[in-house]
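Grab a pencil and open the viewer. Try each exercise yourself before you read its solution.

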Amino acid sequence: KDARLLKIGRKDCFVFASGCLVCWACTPEEVRCAKEALQPHLRKPLRRVDVDEDHVIIDAREGKPPELPLSSRDPNTFEKLALAYALAQSVRLGSLELRID
């Protein structure tokens, strides 16, 4: 009930009741498609300047370890969902902090 799986091609995106969208290993074009698919379902869309976007590196690059360790190079949907939920909660807490300030 709290999260929905949105498939963009073969890629997994997760949509949370809080309004957070987490796209898993998507290109900028795939992220745009996910946002467009959700647009008609938004109740109170944020202004573009209020949208918070972030990128997390999930694989080792340039000798640096990944920011999030995974069970494999291609984790299952449940592991992706668990990490997406953690990221969505982080974004939600951040937005609540901004309201307090």
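Here are three exercises on this model, which is predicted.

**Exercise 1.** Work out how strands S1 and S2 are arranged: how many bridges join them, and which residue in S2 is the bridge partner of Leu-5?

*Solution.* Start by finding the strands: S1 covers residues 3-8 and S2 covers residues 11-16. Next, look at how they run: they are antiparallel, with 6 bridges joining them. Now pick out Leu-5, whose bridge partner in S2 is Phe-14. Last, check the link: S1 and S2 make a hairpin with 2 residues between them. Gly-9 sits in that turn, with a positive phi of about 65°.

**Exercise 2.** Find where Ala-25 sits and decide what is notable about its phi.

*Solution.* First, place the residue: Ala-25 lies in the loop between strand S3 (21-23) and helix H1 (28-38). Then read its phi, which is near 60°, a positive value. Now recall the usual pattern: most residues other than glycine have a negative phi. Ala-25 isn't glycine, yet its phi is positive.

**Exercise 3.** Is Asp-12 buried or exposed, and which side chains make polar contacts with its side chain?

*Solution.* Begin with the location: Asp-12 belongs to strand S2. Its relative accessibility is 3%, so Asp-12 counts as buried, the cut-off being under 20%. Next, follow its side chain: one polar contact, of 2.6 Å, goes to the side chain of Lys-7. Another, of 3.2 Å, goes to the side chain of Lys-80. Finally, look around it, skipping neighbours within four places in sequence: Asp-12 is in contact with residues including Leu-5, Val-22, Trp-24 and Thr-77.

Definitions and conventions
Residues numbered from 1 in each chain as written. Predicted model: local features only at pLDDT ≥ 70, side-chain atom pairs only at ≥ 80, totals over all residues. Heavy atoms only, no water. Pairing = 2+ DSSP bridges. Helix = DSSP H or I, 4+ residues; strand = E, 2+ residues; numbered from the N terminus. Buried < 20%, exposed > 50% of the residue type's maximum accessible area, 1.4 Å probe, protein only. Polar contact = N/O pair within 3.5 Å; in protein donor to acceptor, adjacent residues only side chain to side chain. Contact = heavy atoms within 4.5 Å.
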